[in-house]
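I opened this entry to go through the fold, the ligand surroundings and one helix. Notes follow in the order I looked things up.

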Amino acid sequence: RTAPSSFLIQPDESTKIKKIIGIVSGKGGVGKSLITSLLASEMAKKGYKVGILDADITGPSIPKYFGIHEKAYANNEGKIIPQVAENGVKIISVNLILENEEDPVIWRGPIIAGVVKQFYQDVIWDELDYLFIDMPPGTGDVPLTIFQSLPIDGIVVATAPSDLISMIVKKAVKMATMMNVDVIGAVENMSYLKCPDCGKEIAVFGESKIEEIAKNEKIDTFSRIPIDPEISKATDAGRIFDIKEDYLFDIVDKLEII
Ligand code: ADP
């Protein structure tokens, strides 16, 4: 890693995390939280111990996707106990500590970065095979601080088929490379719509760019997620783990061998 090790923070002494994977995107709304939730659920289905640290502080959607509405509390020692979803995934998010989950978070960058560090340091994660971090979108101050302070093993890049997004993806990949973090793969969300009658793929947001991006950025693993009414139904119902289709199997396979 290029980040001096003195910058890296240590988790609680009871915590043993094997791999930390960040899910990044150039901008909001491309499906970063969806991809984080699907990857976590797939790994949990395979029997791994999985956690999600929702670092998308100003747009926290992870608890909602897993149907979690109870708060997370601290124990006597001031350590935070994460909530556990129906499929066993441990979750911490700012929405689990806000009094009212509709309240906006009006904190500046350093405070937000501080909360994310606390979610790593002060949460009782116990033993995890994988901790997935739903990163704040973009390449700003907060994601940079997270990259510098947490020992992230690799990132998965969330994209969508638009020119603008592919440009921002390059920035995200460059940032990871500069921080010496491995790019595990890329996922193009809303890649196509499958006609329910003839099965033909319709390029709603333009032709898929993922193959080209992957080639240019030397990313060897990528997956595509279609626009799928089952997905919005499952996220709205707080039952992301009910999605049967394993769209991300390439990335999942790679996560098992890194
Ligand atoms: P981000 O984390 O990048 O801001 P989200 O993962 O929260 O984006 O997705 C935003 C919204 O779009 C969610 O309500 C989700 O249900 C919906 N959505 C995302 N991807 C798909 C898809 N492939 N098919 C249907 N709905 C989707």
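I began with how the contacts are spread along the sequence. Among contacts in the chain between residues at least 6 apart in sequence, I find that 80% join residues at least 24 apart. The model is predicted.

Next I looked up the secondary structure: the chain has eight helices and ten strands.

Then I checked the overall dimensions. The C-alpha trace spans about 60 × 40 × 35 Å along its principal axes. The radius of gyration of the chain is 17 Å, which agrees with the value near 18 Å that a compact globule of 258 residues would have. I also noted burial: 43% of the 258 residues count as buried.

I turned to the ligand. Which residues are the closest to it? They are K32, S33, L34, I231 and T235, out of 18 residues that surround the ligand. Two elements, α1 (32–45) and α7 (229–236), give two or more residues each to this shell. By class, I list ten polar residues in the shell, six nonpolar and two charged.

Last, I looked at helix α4, residues 141–149. Its buried residues are V142, P143, I146 and F147. How are these buried residues placed around the axis of α4? Seen down that axis, they fall within an arc of 140°, so they line one face of the helix. The spacing fits the usual geometry: an α-helix has 3.6 residues a turn, so residues three or four places apart point the same way. I then asked which elements the buried residues of α4 pack against. The partners are strand β1 (16–25) and helix α3 (109–121).

Key. Residues are numbered from 1 along each chain as its sequence is written. This is a predicted model: local features need pLDDT of at least 70, side-chain atom pairs count only at pLDDT 80 or more; totals for chains, interfaces and linings use all residues. Helices (H or I, at least four residues) and strands (E, at least two) are DSSP runs, numbered from the N terminus. The radius of gyration is taken over C-alpha atoms; the globule rule is 2.2 Å times the number of residues to the power 0.38. A residue is buried if 20 or more other C-beta atoms lie within 10 Å of its own, exposed if 12 or fewer, and partly exposed in between; C-beta atoms are placed from the backbone. Two residues are in contact if their C-beta atoms, placed from the backbone, lie within 7 Å. A residue is near a molecule or strand if its C-beta atom, placed from the backbone, lies within 6 Å of it. Ala, Val, Leu, Ile, Met, Phe, Trp, Tyr, Cys and Pro count as nonpolar, Asp, Glu, Lys and Arg as charged, and the others, Gly among them, as polar. The arc is that of the directions from the helix axis to the C-beta atoms.
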